[in-house]
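Trainee: I have a new model on screen and want to read it properly. Can we go through it by question and answer?

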Amino acid sequence: MQKQMWLMIGTFLASPVIAGSISTDVKTKLQSAMIAHVDDVSVDGAYTYLDTKTNAIETVYPANVHPMVLSVGADFFVCSEMINDKGDAVTADFLVRKVDGNYTVVQMIVNNRAALQAAMKKLGN
């Protein structure tokens, strides 16, 4: 059920892209990799992580897939939004790379969009 919801959201929001021309096919594969990753690491729809900004263990739930995809060389960042137990929005950014011919999430960054923005700025994006 959770996976179906993500796929529906991804289908509706898979249009605008930042940092160059990325085909719809690649965007769809990137977002599918992100959704599969979240499904794989979630327990009953909840993802628990160490928030490095607050130094606390937090739990979030998938909310929506942003249409924002950033290219970084041969890799990509796919952005999403989660919600916490209070209903507050929490950003989630996924570093996706092609591994053995398949797009795979190699890093998930939760509640630290500033780190992604700083890294992109260093790269001149």
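**Confidence first**

Mentor: This is a predicted model. Helix α1 (residues 2-13) has the lowest mean pLDDT among the elements of the chain, at 40, and β5 has the highest, at 97.

Trainee: Over which residues is the pLDDT below 50?

Mentor: The chain as a whole averages a pLDDT of 85, and 83% of the residues score at least 70. One stretch falls below 50 and still has 41 contacts in the model beyond near neighbours in sequence. That stretch is residues 1-19.

Trainee: In what order do the elements of the chain run from the N terminus?

Mentor: Count the pieces. The chain has three helices and five strands. From the N terminus on, the order is α-α-β-β-β-β-β-α.

**The sheet**

Trainee: Which are the edge strands?

Mentor: The five strands make an open sheet, with antiparallel pairing and the order β1-β2-β3-β4-β5. An edge strand pairs on one side only. That description fits β1 (47-51) and β5.

Trainee: What is the average twist from one strand to the next?

Mentor: Follow the open sheet in its order, β1-β2-β3-β4-β5. The twist from one strand to the next averages 45°.

Trainee: Which residue in the turn between β1 and β2 has a positive phi?

Mentor: β1 and β2 run antiparallel and are joined by five bridges. They form a hairpin with four residues between them. The phi in question is about 55°, and the residue is N55.

Trainee: And which residue in the turn between β2 and β3 has a positive phi?

Mentor: β2 and β3 pair in the antiparallel sense over nine bridges. Their hairpin has two residues between the strands. The positive phi is about 65°, at G73.

Trainee: Which residue in β5 stands opposite F94?

Mentor: Look at the pairing of β4 and β5. It is antiparallel and runs over eight bridges. Opposite F94 in β5 is M108.

**Helices on the sheet**

Trainee: At about what angle does helix α2 run to β5?

Mentor: Helix α2 covers residues 24-41. It lies across β1, β2 (56-72), β3, β4 and β5. Its angle to β5 is about 60°.

Trainee: Which strands does helix α3 touch?

Mentor: Helix α3 spans residues 113-122 and packs on the sheet. Its direction makes about 30° with that of β2. The strands touched are β2, β3 and β4.

**Aromatic pairs**

Trainee: Are the rings of Y47 and Y49 stacked or edge-to-face?

Mentor: The whole structure holds two aromatic pairs. In the pair of Y47 and Y49, the ring centres are 6.0 Å apart and the planes lie at 5°. Planes under 30 degrees apart count as stacked. So the Y47 and Y49 pair is stacked.

Trainee: Is Y49 buried or exposed?

Mentor: The cut-off for buried is under 20% relative accessible area. Y47, at 15%, counts as buried. Y49 has 7% relative accessibility, so Y49 is buried.

Trainee: How many residues apart in sequence are the parts tied together by F76 and Y103?

Mentor: F76 and Y103 form an edge-to-face pair, 6.2 Å centre to centre, with 70° between the planes. F76 lies in strand β3 (residues 75-84) and Y103 in strand β5 (residues 102-110), so the pair ties together parts that are separated in sequence. The separation is 27 residues.

Trainee: What is the bridge partner of S71 in β3?

Mentor: The partner is an aromatic residue from the pair with Y103. It is buried, with a relative accessible area of 10%. The bridge partner of S71 is F76.

**A buried aspartate**

Trainee: Is D93 buried or exposed?

Mentor: D93 sits in strand β4 (residues 89-99). Its relative accessible area is 0%. Buried means under 20%, so D93 is buried.

Trainee: With which side chain does the side chain of D93 make a polar contact?

Mentor: Leaving aside neighbours within four places in sequence, the contacts of D93 include F77, V78, C79 and L116. The polar contact spans 2.9 Å. The partner is the side chain of R113.

Conventions:
Residues are numbered from 1 along each chain as its sequence is written. This is a predicted model: local features need pLDDT of at least 70, side-chain atom pairs count only at pLDDT 80 or more; totals for chains, interfaces and linings use all residues. Side-chain values use heavy atoms; hydrogens and water are left out. Buried means under 20% relative accessible area, exposed over 50%, partly exposed in between (1.4 Å probe, protein chains only). A polar contact is a pair of N or O atoms within 3.5 Å; within protein, one must be able to donate a hydrogen and the other to accept it, and residues adjacent in sequence count only if both atoms are side-chain atoms. Contact means heavy atoms within 4.5 Å. Rings of Phe, Tyr and Trp (its six-membered ring) pair if their centres lie within 6.5 Å; planes under 30 degrees apart count as stacked, over 60 as edge-to-face and the rest as tilted. pLDDT is the predictor's confidence in each residue, from 0 to 100. Two strands pair if DSSP finds at least two bridges between them. Axes are lines fitted to C-alpha atoms, for helices over the stretch in contact, and angles run from 0 to 180 degrees between N-to-C directions.
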